[in-house]
Structures are given as structure tokens and as C-alpha cells.
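Student: I've got a model open and I'd like to learn how to read it. Can we go through it feature by feature?

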Amino acid sequence: MSTTETSQFVRLRVELVVEVDDVEAVTGAALRRISGDPDMPADERVHAENAVTEDTAEALAYLVDPFDLVGDVPGVELAQASWSSEGIDYDPDSPEWGLDEDDDREDEEEDRLG
């Protein structure tokens, strides 16, 4: 089988920083998504509703679906996904802030390990 005929797995890393300017809208949308999920067990639903009500980052995590990023890309099937969200202190003007911060540390670690 040639290389073009075999499947290839690619790790796609995406990091987003979003500004939430309407917490109630995000929380409401997450609650609607949770209540509209017919496969979610009742006890999990209660836990999820409490989590999104208490934490905007958690609410946003319920609304973001990695499949949406690649679902319409021809020739690609999502094999595995994980994602998380957290509130952060963000200052776009700070020289200490950079999207490639983690990549630099990983590169340094790889260089150190050889």
C-alpha cells in the first residue's frame, strides 16, 4: 500500500483565548445544550447544570465541540479529542503573554532530553 493510501494521524493543537462579554448568554446557551441532550443521565445533568451555572469557563466548555472544527474537512475523521477551559488573567499588551509559550517550553525540554 502506498503512503497516499494509508491513513495518517495528525495532532492538531489549537489554543483560543476568548473574551466573554455576556456571562448570562453563555450560561443560558450551555444550560439549553445540557437540557437538550437526550443521552445525558439525570444525575449527570444535575451536576452539569450546577457546574455551568457556577463557572463560565465550564459553560463555555459545554458549548465548544472539537468535531465542529474538523467535521466538514474532506478526508478527515476525528479519532480522539479532549479539551478544557479555564479562566485566565489576560493582558494582550504584556510581553510575558504569548500563544506559543507552551511550545517554547516543550522545545526546550526536547532539546534538553536530546
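Student: Let's start small. Not counting residues up to four places away in sequence, which residues does T27 touch?

Tutor: Keep in mind that this is a predicted model. Leaving out those sequence neighbours, T27 touches V52, T53 and A59. T27 itself is found in helix α1.

Student: Is T27 buried or exposed?

Tutor: T27 has 12% relative accessibility, so it counts as buried, the cut-off being under 20%.

Student: Okay, zoom out. How many helices and strands does the protein chain have?

Tutor: Five helices and zero strands. Going along the sequence, the pattern of the protein chain is α-α-α-α-α. The protein chain has 114 residues, and 14% of them count as buried.

Student: How do I describe two helices that pack against each other?

Tutor: The general idea is that two packed helices are described by the angle between their axes and the distance between the axes. Take α1, residues 23-35, and α2, residues 42-54: their axes come within 9 Å and cross at roughly 175°. An angle over 145 degrees counts as roughly antiparallel, so that is the label for α1 and α2.

Student: Which residues make the contact between α1 and α2?

Tutor: On the α1 side you have T27, A30, L31, I34 and S35, and on the α2 side R45, A48, E49, V52 and T53. Sorted by class, the contact of α1 with α2 has five nonpolar, three polar and two charged residues.

Student: I notice a spacing in those lists. What's the general idea there?

Tutor: An α-helix has 3.6 residues a turn, so residues three or four places apart point the same way. In this case, T27, A30, L31 and I34 are among the α1 residues in the contact.

Student: What about α2 and α3: at what angle do their axes cross?

Tutor: The axes of α2 and helix α3, which spans residues 56-63, cross at roughly 125° and come within 5 Å. With that angle, α2 and α3 are therefore oblique to each other. In this contact, A48, A51, V52 and E54 in α2 meet T56, E58, A59 and Y62 in α3. The class breakdown for α2 with α3 is five nonpolar, one polar and two charged.

Student: Which residues of α3 are buried?

Tutor: A57, A59 and A61. The buried residues of α3 pack against α1 and α2. While you're looking there, check the start of α3: a side-chain oxygen of D55 reaches to within 3.0 Å of the backbone nitrogen of A57.

Student: Now for cores. What's the general idea, and which residues make up the largest nonpolar core here?

Tutor: In soluble globular proteins, nonpolar side chains tend to be buried together. Here the largest nonpolar core has seven residues in all: V26, A30, I34, M40, A48, V52 and A59. The elements giving two or more residues to this core are α1 and α2. The largest share, three residues, comes from α1.

Student: Pick one core residue for me. What does I34 touch, not counting residues up to four places away in sequence?

Tutor: With those neighbours set aside, I34 touches M40, R45, A48, E49, V52 and Y62.

Student: How do I read contacts over the whole chain?

Tutor: One way is to look at how far apart in sequence the partners are. Among contacts in the protein chain between residues at least 6 apart in sequence, 49% join residues at least 24 apart.

Student: Show me some pairs that are far apart along the chain. Where is E19 found?

Tutor: E19 is found in the segment before α1. With a relative accessible area of 74%, E19 is exposed. E19 and G87 are 68 residues apart along the chain, and their C-alpha atoms are separated by 10.0 Å. F9 is also found in the segment before α1. F9 is exposed, with a relative accessible area of 73%. Measuring tools set to C-alpha atoms should give 9.6 Å between F9 and V76, which are 67 residues apart in sequence.

Student: And where does S82 lie?

Tutor: S82 lies in the loop between α4 (66-70) and α5 (101-113). S82 is exposed, with a relative accessible area of 71%. The C-alpha atoms of S82 and P66 are separated by 7.9 Å, with their positions 16 residues apart along the chain.

Conventions:
Residues numbered from 1 in each chain as written. Predicted model: local features only at pLDDT ≥ 70, side-chain atom pairs only at ≥ 80, totals over all residues. Heavy atoms only, no water. Axes fitted to C-alpha atoms, helices over the stretch in contact; angles between N-to-C directions. Helix = DSSP H or I, 4+ residues; strand = E, 2+ residues; numbered from the N terminus. Parallel < 35°, antiparallel > 145°, perpendicular 65-115°, else oblique. Contact = heavy atoms within 4.5 Å. Nonpolar A, V, L, I, M, F, W, Y, C, P; charged D, E, K, R; others polar. Buried < 20%, exposed > 50% of the residue type's maximum accessible area, 1.4 Å probe, protein only. Core = buried A, V, L, I, M, F, W, Y, C linked by side-chain atoms within 4.5 Å. Polar contact = N/O pair within 3.5 Å; in protein donor to acceptor, adjacent residues only side chain to side chain.
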